[in-house]
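Please open the model in your viewer and keep the selection tool at hand, as this tour goes from one selection to the next and says what can be found at each stop.

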Amino acid sequence: MSEQPGHDVGHPEPFRLRDGREMIIRRIGPDDAARLVSFHRTLSARTRRFRFFSPMKELQPDFAERLANVDFVSRAAFLAVFADGGEMGAVGRYERDSADSAEVAFVVHDSLQGQGLGTELLQHLAVLARTNGFETFTAVVLSDNIDMLDVFRHSGFPLRMVIEGDVTRVVMDIRTAAVTPPPPSPSPG
């Protein structure tokens, strides 16, 4: 996602997975609650544990309703859906946890992990959060969820991580756009 002055994160945006497939990043809506329940059923127990800290077998409809109904200020969520049919592949969200901070959480379908969706959703959330006056994102991640921790480590946002038993607490400074480090120079050879 490119952050441009006046960029409106409200409009759906195309995103190409690393394997070349096309997805659309869009805002969640109230009519997505049933889709969240169906999507949850397709996730492995491992992925559900990483997201909910338990192998929650079913996403209850009332909880899905809450997740799908956000104000895009204090609570926001974006979906990644396939361009050819709208099948859900990932969701990223934030929820205010203090005056200038919000907790972020993500779930990416098992078949799409490692395709760049977590990173893309994080960038969308950060742009919107900055617009709404947030300065930091926080996250509580199971310490064995190496892939999610890597998304944060490579986000380009200044951060600190503190390991507390089975979880790692992450705090990211999102006040400025993420700075992606340049690729390493080829070694002389």
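Begin by selecting Pro158, which, leaving out residues up to four places away in sequence, touches Val171, Met172 and Asp173. What you have on screen is a predicted model, and this proline sits in the loop between helix H5 (146–153) and strand E7 (159–164). If you then add Arg175, which is 17 residues away from Pro158 along the chain, you will find that the C-alpha atoms of the two residues are separated by 9.6 Å.

Next, go to strand E1, residues 13–16, and show the side chains, which alternate along the strand. Glu13 and Phe15 point to one face and are buried, while Pro14 and Arg16 point to the other face and are not buried. Extend the selection to strand E2, residues 22–27, which pairs with E1 in the antiparallel sense over four bridges; within E2, Ile24 is the bridge partner of Pro14. The hairpin that these two strands form has five residues between the strands, and in this hairpin Gly20 takes a positive phi near 100°.

From E2, move on to Asp32, which is found in the loop between E2 and H1. Is this residue buried or exposed? Asp32 counts as buried because its relative accessibility is 2%, below the cut-off of 20%. Show its side chain together with that of Arg26, and you can trace a polar contact of 2.8 Å that joins the two. Apart from its neighbours within four places in sequence, Asp32 is in contact with Arg26, Arg27, Ala68 and Leu79.

The following stop is Phe72, in the loop between H3 and strand E3 (75–82). Most residues other than glycine have a negative phi. Phe72, although it is not a glycine, has a positive phi of about 60°. Phe72 also counts as buried, because its relative accessibility is 12%.

Now turn from single residues to the empty space inside the model. How many cavities of 30 Å³ or more does a search of the whole structure find? The search finds one, and this cavity has a volume of about 120 Å³. To locate the cavity, select Leu36, Phe52, Leu67, Val91 and Val107, which lie nearest its centre among the 14 residues of the lining. Helix H1 (33–41), helix H2 (45–52), strand E4 (88–98) and strand E5 (101–108) each supply at least two residues of that lining, which by class consists of 10 nonpolar, two polar and two charged residues.

The last stop is the largest pocket, which holds about 700 Å³ of space. Select Ala105, Phe106, Val107, Asn145 and Met148, since these residues lie nearest the centre of the pocket, out of the 36 that line it. The elements that give two or more residues to this lining are H2, helix H3 (61–68), E4, E5, helix H4 (117–131), strand E6 (136–142) and H5. Which of these elements gives the largest share of the lining? Strand E5 does, with six residues. If you colour the lining of the pocket by class, you will see 18 nonpolar, eight polar and 10 charged residues.

How values were computed:
Residues are numbered from 1 along each chain as its sequence is written. This is a predicted model: local features need pLDDT of at least 70, side-chain atom pairs count only at pLDDT 80 or more; totals for chains, interfaces and linings use all residues. Side-chain values use heavy atoms; hydrogens and water are left out. On a 1 Å grid over the protein atoms alone, a cavity is a set of points where a 1.4 Å probe fits but cannot get out, and a pocket is an open set with protein on both sides within 12 Å along at least five of seven lines; lining residues have an atom within 4 Å of a point. Grid points are joined across faces, edges and corners, and a volume is the space filled by probe spheres set on the points. Ala, Val, Leu, Ile, Met, Phe, Trp, Tyr, Cys and Pro count as nonpolar, Asp, Glu, Lys and Arg as charged, and the others, Gly among them, as polar. Buried means under 20% relative accessible area, exposed over 50%, partly exposed in between (1.4 Å probe, protein chains only). Two strands pair if DSSP finds at least two bridges between them. Contact means heavy atoms within 4.5 Å. A polar contact is a pair of N or O atoms within 3.5 Å; within protein, one must be able to donate a hydrogen and the other to accept it, and residues adjacent in sequence count only if both atoms are side-chain atoms.
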